[in-house]
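Visitor: Please look closely at one part of this model, the loop that joins two elements and carries both a charged and an aromatic partner. I should like to know what holds that part in place, and then how its surroundings are packed.

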Amino acid sequence: MMIYKLIPTLALSLVVLLFACNDQPKPVSGKQPAKGTLFTLLPSDETGIDFSNDLVEDATTERNVLSYSHYYNGGGVAIGDVNNDGWPDVFLTGNEVPNRLYLNKGNMQFEDVSEKAGVNPPNKHWSTGASMVDINNDGFLDIYICQYGPHPPAERENLFLINNGDGTFTEKGAELGLNDPNESMQAAFFDYDKDGDLDCYVMNESKYALVVYQKVFEDLKNKDNLRAASGKMFRNDDGHFTDVTEQAGMLRYGYGLGLTVSDIDQDGWLDVYVANDYSVPDFMYINNGDGTFTDKIKEKTRQVSFYGMGCDIADYNNDCLPEIAVVDMASIDHFRSKTLMASMDTEGFWYFINDLGYQYQYMFNTFQLNNGNGTFSNVANLAGVAKSDWSWAALLADFDNDGWKDYFISTGFRRYARDNDFRNEMKAIRQANGGTVPLSMRQKMYDKMPQIQLPNFIYKNNKDLTFKEITQEWGMAKPSYSNGAAYADLDADGDLDLITNNIDHPAFVYKNNAVEMGKGNYLRVKLNAESPASLTGAKVTIYAGGQKQYLEAGPIRGYMGCMDRVLHFGLGSNQQVDRLVVEWLNGTQTELTGLPANQLVEVNQKDARPKPPAQPAQKSFPIVEVNPHSLGIGFRHRENPFNDFAKQVLLPHKQSTLGPKVSVGDANGDGLDDFFVGGASGQAGALYVQNPDGSFTESTDQPWQKADLECEDMDAAFFDADGDGDLDLYVVSGGGGDMEGKEKALQDRIYINLDGKGRYGKANALPDMPSTGFVVKTADFDKDGDQDIFVGGGTQPGRYPYASRSYLLRFDRQRLKYMDVTAEVAPDLENPGLVKDAVWTDLNNDGFPDLVVVGEWMPVGIYINNKGRLENRSAQYGTDNLKGWWYSIAAADIDNDGDEDFIVGNLGENGKFHATAKKPFRVFASDFDKNGTCDVVLSKEYKGKLVPTRGRQCSSEQMPFIKEKFPTFKDFANAGVEDILGKENLNAALKLEVTTFSSVLLINNGDTFAPRHLPNEAQIAPVNGIICDDFDNDGNKDLLIAGNNFDAEVETPRYDAGTGLVLKGDGTGHFQPVLCTESGFYAPQNIKDVAMLRLAGTRDRLVLLAVNNSSLEVFRVRQKDFITMNTNH
């Protein structure tokens, strides 16, 4: 490996290469990897790092996890060059054992200099996270050490070891004003006010873990208690630190475990992210640039982890925008998930949200995708990283040098005090002994706590928003109780090595073999800032081989982790970096070009130049959001409150909140598009008539505004029902459990256009239809010259997943009524399932419209019209096993071959449920406990048998016999669905399945359809509406999709990651997602339907989005020349 120091000149096309000083580290070959694994775990007798964070448990004192809940939170790792020899050294913190400092001697060998260096002063008690920082600008890294543990405040004061430059350190925490005595976990040093020196944020845990909330809030009324429970912001005032927490707006109680500093909103000011354990949501402190911060976690995200642990902020999809990763405690294993974690407290869940105003929190890891406009969407399930057991560190870095950041997570908890059976046994003992566990029983009970060593996790970046768990293949499968972690190129060979701090086991030192294995090239970047304050927050972007990467300098990441200052870029097969740009915190910029790969580059801030003005973003699509009120559209959907889960506890999501829908047609015959939007039960729908100037007026005095208020409007259709040349209106009546026993309100309705000018009257033209409907589509299926109707059935009220029947209605001209001919001409359509959408189209070109029907727990149903009889030909067309939670379908020739293809919207791949053809996701439904209610049992495969996805607690709330049949959580966790419900009951139950949750394209190959997954950007949320049109006027069909579902049960993260999406088509059936900043389309609401209409007086169109319990969203699609999309974003 060659190592160069690079100094830019004004001629950026030339780079002057100067040999680095002789004390720079020389590369070492390292040992060849065993069995071809990416990492080799080196033994301590070889590395010299023999540190072990050993704990001496005592069940009779405070030194145990039952008395002190943070007892197993572990120690940290800090890596940095403390003696300026060019090699990164290693510092490991000990709880009950001394801290250790190891000097790097090269070749992955280290020398313990702890005693000589003096890193364990007399006031060292229980150390946690450590930060290396040159606080006094003398060129040597100092070490700040946080402390907590089962000690009084006087023994928890944080330490600041000042580097004397001679291999020794002097503790000066109190002298500098940074001896915070609270339960500190980690500190980060950065220049938050841009005054040229390093300020400090100290993240604190608090004493309120597991304390009743009312007692917490009462206690916090005392401001001293609030200060003790809050993180601290310290301003550097000429070398002494002043507590400015309150005036900075950061005096908040929390349970901080993860900390990182980054310019989250990309405004040039450094922000602070704190991952909070327990009930308090994470803090996203956005720097206001005036010395204050504002927590914007609710504005920027839509959900966060409940038990937030470690966190990292980095760009994982190479769009130069930072993502946010936070880990939690959800187990990947069915047995552990059913024994170690309690059910979500539903009442508490809504108390936090509705009463305290907290962000939505779920007991899963989160991975926040940057949407490009300052907001984030949690894509952890899509990414494949939602569960990683009891996790601590979260680190994003390119470990295999392919140019994409991989993901490391440390895991392990020494004893599982949260085991449900153990907790129940402890509770029983306390109740029998006056509220305490007798001293004589404590050790015996303590020993009963489960001890489960688990491997850490490492995930390879698949370069498509997803990761592949590759722990075994990469050589990291050794079980442990790992906590803090840090990475660095310890042997200077061009790949990132890794160290973890373990409880009761020597620290892991993993050597990375990427270079030896020829995995890829690299570039290491050392930033020589004019002062330490200029280093954290510097942004480095490289361009190589048509790709770009982005790193932000900031050592504090993961969990109790401090990374080396040298930045590492994997380059894959690229032999050089075409361009490197450093943006410094003061607004200047350094640019280098033509850098050969496989070297260390030093970049000097003193050579920086003013940053050129930012170019205005050029939109690639002519879509702009419009305030609906400016168009006269004042409709706001008002959902009628109803708790679907009161009767069906195990329901996956509400059935009473599926509207509204919006339908377009020329109601008054003036040639302009009007629209109807449905209302919830108790609210009338609304007809908006378009005016010649493109504004809208709500049509008043309509029949649905009075007589049909109890109905829950679902879909609607404008069509000429009576053949008089104007558009009548069909409205479907639907609903969920709120419609149980209200059969009259379930009757669909036809409103006849009485005068051709949009004055409607209700007609008695339908058969009795006392069942929930969801969708209506019209066509002349029998070719007799009038319009017939298909109505897709919804859920039987209160009996999900049983479907109401569907209808094929044929118009009888003599009776002037619609007749139910389903049994006669389309018997397969009486009960196709929970229909969500349908489309009429002539698939076989015989002149008769065929019908394609999709829905929840349904295949893509293809019904071929055989001269007026509809026959299920799904198997013939190859769609009979494409079973999903389908929500929408659109027909279009997307590959320009002359036939109709389909775009079918599904749940997406970003939910906690997963399905394949080999391992379907299943549901069983029946009245299993014979109490008159429909019981829902969702099921997946685990070790060859079907098991319930829900836990013992909530399952027994629905079916009380479960608690008696399975007295312990362990018994329930070991049971399959058949063990729980009985074989005979299962055989008699309704059984449905899903084989895919992906939204797909169905490419028409003539006699069959070939499924093709939409890009992963289209899989992050349910697709409830689809528009296929040429939005950018390039002759190819594009897609506009939108969705979400905010009403999942509380143990399932709500489906809220969707922001709407435009996908640019290339005319061959392939689509490229377009960022909202380029398309202009950003729709993050609970969208249930999408429609498009022509705007009067122009060639422009309006896109209407129907939002549950909110106003319509409106976007204008302008029809004019505009810039072709730049796909290199």
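Guide: A residue counts as buried at under 20% relative accessible area and as exposed at over 50%, with partly exposed in between; the probe is 1.4 Å and protein chains only are considered. This is a predicted model, in which local features need pLDDT of at least 70 and side-chain atom pairs count only at pLDDT 80 or more, while totals for chains, interfaces and linings use all residues. Residues are numbered from 1 along each chain as its sequence is written, and side-chain values use heavy atoms, with hydrogens and water left out.

By that scale W390 is buried, with a relative accessible area of 9%, and Y416 is buried as well, at 2%. A search of the whole structure finds 62 aromatic pairs (rings of Phe, Tyr and Trp, the last by its six-membered ring, with centres within 6.5 Å; planes under 30 degrees apart are stacked, over 60 edge-to-face and the rest tilted). The rings of W390 and Y416 have centres 5.6 Å apart and planes at 70°, so this pair is edge-to-face. The pair links distant parts of the chain, 26 residues apart: W390 lies in the loop between α9 (380-383) and β26, and Y416 in the loop between β27 and α10. Such helices (H or I, at least four residues) and strands (E, at least two) are DSSP runs, numbered from the N terminus.

The charged partner is R415, which forms a salt bridge with E57, the closest N and O atoms being 3.0 Å apart. R415 lies in the loop between β27 (406-411) and α10 (420-432), and E57 in the loop between α1 (44-47) and β4 (77-80), so the bridge ties together parts that are 358 residues apart in sequence. A salt bridge here is a side-chain nitrogen of Lys or Arg within 4 Å of a carboxyl oxygen of Asp or Glu. R415 counts as buried, at 8% relative accessibility, whereas E57 is partly exposed at 26%. In general, side chains of opposite charge can pair when their charged atoms come close.

The structure holds 50 salt bridges. One of them joins E591 and R579, with N and O 2.7 Å apart. E591 lies in strand β42 (residues 588-596) and R579 in strand β41 (residues 576-583), so this bridge ties parts that are twelve residues apart in sequence. E591 is buried at 17% relative accessibility, while R579 is partly exposed at 30%. Elsewhere, D491, D493, K511 and E516 are linked in a network of salt bridges.

The nonpolar surroundings come next. A nonpolar core is a set of buried Ala, Val, Leu, Ile, Met, Phe, Trp, Tyr and Cys residues joined through side-chain atoms within 4.5 Å. The largest one has 150 residues, of which V90, Y201, Y253, V272, F367, F399 and Y407 touch the most other members. Strand β26 (residues 391-397) supplies the largest share of this core, six residues. Y407 is in contact (heavy atoms within 4.5 Å) with residues that include V327, F367, A394, L396, F457 and Y459, its neighbours within four places in sequence being left aside. Apart from this core lies another, of 36 residues, among them F790, V821, L851 and L870. In soluble globular proteins, nonpolar side chains tend to be buried together.

Y253, one of the residues that touch the most other core members, also belongs to a cluster linked by ring pairs, which includes Y208, F217, Y278, F306 and F352. F352 leads to helix α8 (residues 346-355), where G348, F349, F352 and I353 are buried. These four cover an arc of only 130° around the axis, which puts them on the same side of α8; the arc is that of the directions from the helix axis to the C-beta atoms. On the other side of α8, E347, N354 and D355 are exposed. The buried residues of α8 pack against α4 (213-219) and β23 (361-362).

To return to the loop in question, R415 bridges to E57, and Y416 pairs with the ring of W390.
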